[in-house]
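Let's take a friendly walk through this structure, one residue and one packing contact at a time. Keep the viewer open as you read.

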Amino acid sequence: MRIWSLHPRYLDRQGLIACWRETLLAQAVLNGATRGYTRHPQLERFRETDEPLASIGAYLHGLATEADHRGYRFDRSRIVDAVEQSATIGVTDGQIALEWAHLLAKLAVRSPELRERWADITRPEPHPLFTVTAGPIASWERAGQPPT
C-alpha cells in the first residue's frame, strides 16, 4: 500500500488509480470495515489525527479532484466522511524526497514521458492535505526496504 504524500498531479494514470483503490482500502481499515491491513504503518499518520476518517476523506477528495482534472470519474460517494478538507497533516521534507525518488524511478519504467516532464522539479508539492516541515524520513516508512 502506498498512500503518496506527493501531490497527485505527479502520478501517472496507473499510480493515481492505484492510490485511489489503496486509500479506499485504508479508509475501510480506519472505519473498522475490514480485518486486513490493520497494522499498516502508513495509516499511523491518519490515526494520529483528531478525526482519522475525515483526514482520509480529505485525502480521497484530493485524489478525486485530480481525477476530475484529467477527465476521470472517481466515485466520491465511496468516501465515508465526505468533508473536502480537514486539518493538515505534517510530512517531512525527508519523506517527500524519498517518495519523489521512488516515484521518478517508477515513472522511468512505466511512463517515461511523464518522468521527463517532472525531471527538473527538485521540490515537489505535497498532496493538499499535507504541510511540509524539515525532517527525516517518516518513522512509519519501512527502513531498509524499498518503499512499495
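Where is Leu 114 found? Leu 114 sits in helix 5. Do bear in mind as you read on that this is a predicted model.

Is Leu 114 buried or exposed? Its relative accessibility is 12%, and because buried means under 20% relative accessible area, Leu 114 counts as buried. Once neighbours within four places in sequence are set aside, the contacts of Leu 114 are Tyr 10, Leu 11, Asp 12 and Leu 107. Asp 12 is 102 residues away from Leu 114 along the chain, yet their C-alpha atoms are separated by 7.2 Å.

**The aromatic cluster**

Tyr 10, one of those contacts of Leu 114, also leads us to the rings. The structure holds five aromatic pairs. One of them joins Tyr 10 and Trp 100 in an edge-to-face arrangement, with 4.9 Å from centre to centre and 70 degrees between the planes. This pair links distant parts of the chain, since Tyr 10 belongs to the segment before helix 1 and Trp 100 to helix 4 (residues 93–110), 90 residues apart.

Tyr 10 also pairs with Trp 118: the ring centres are 4.9 Å apart and the planes stand at 85 degrees, so this pair too is edge-to-face, given that planes over 60 degrees apart count that way. Here again distant parts of the chain are linked, with Trp 118 in the loop between helix 5 (112–117) and strand 2 (130–133), 108 residues from Tyr 10. Through these ring pairs, Tyr 10, Trp 100 and Trp 118 form a cluster.

How accessible are the members of the cluster? Tyr 10 counts as buried at 3% relative accessibility, Trp 100 counts as buried at 6%, and Trp 118 counts as buried at 8%.

**Helix 1 against helix 3**

Two packed helices are described by the angle between their axes and the distance between the axes. For helix 1 (residues 13–30) and helix 3 (residues 52–70), the angle is about 160 degrees and the axes are 10 Å apart. That angle makes helix 1 roughly antiparallel to helix 3, because angles over 145 degrees count as roughly antiparallel. The crossing of helix 1 past helix 3 is left-handed.

Which residues make the contact? From helix 1 come Arg 13, Leu 16, Cys 19, Trp 20, Thr 23, Leu 24, Ala 26, Gln 27 and Leu 30. Helix 3 brings Pro 52, Leu 53, Ile 56, Tyr 59, Leu 60, Leu 63, Ala 64, Glu 66, Ala 67 and Arg 70. By type, the residues of this contact divide into 14 nonpolar, two polar and three charged.

**Two residues of that contact**

Cys 19 lies in helix 1 and is buried, with a relative accessible area of 1%. Beyond its neighbours within four places in sequence, Cys 19 touches Arg 2, Ile 3, Trp 4, Leu 11, Tyr 59 and Leu 63. Tyr 59 and Leu 63 are among the helix 3 residues of the packing contact.

Ile 56 has its place in helix 3 and is buried as well, with a relative accessible area of 0%. With the same kind of sequence neighbours left aside, Ile 56 is in contact with Ile 3, Thr 23, Ala 26, Gln 27, Leu 30 and Phe 46. Thr 23, Ala 26, Gln 27 and Leu 30 are among the helix 1 residues of the packing contact.

Here are three C-alpha separations to check in your viewer:

| Residue pair | Apart along the chain | C-alpha separation |
|---|---|---|
| Ile 56 and Gly 94 | 38 residues | 22 Å |
| Cys 19 and Pro 8 | eleven residues | 8.9 Å |
| Leu 114 and Asp 12 | 102 residues | 7.2 Å |

Key: Residues numbered from 1 in each chain as written. Predicted model: local features only at pLDDT ≥ 70, side-chain atom pairs only at ≥ 80, totals over all residues. Heavy atoms only, no water. Axes fitted to C-alpha atoms, helices over the stretch in contact; angles between N-to-C directions. Helix = DSSP H or I, 4+ residues; strand = E, 2+ residues; numbered from the N terminus. Parallel < 35°, antiparallel > 145°, perpendicular 65-115°, else oblique. Left-handed = near helix turned anticlockwise from the far one by under 90°. Contact = heavy atoms within 4.5 Å. Nonpolar A, V, L, I, M, F, W, Y, C, P; charged D, E, K, R; others polar. Phe/Tyr/Trp six-rings, centres within 6.5 Å; stacked < 30°, edge-to-face > 60°. Buried < 20%, exposed > 50% of the residue type's maximum accessible area, 1.4 Å probe, protein only.
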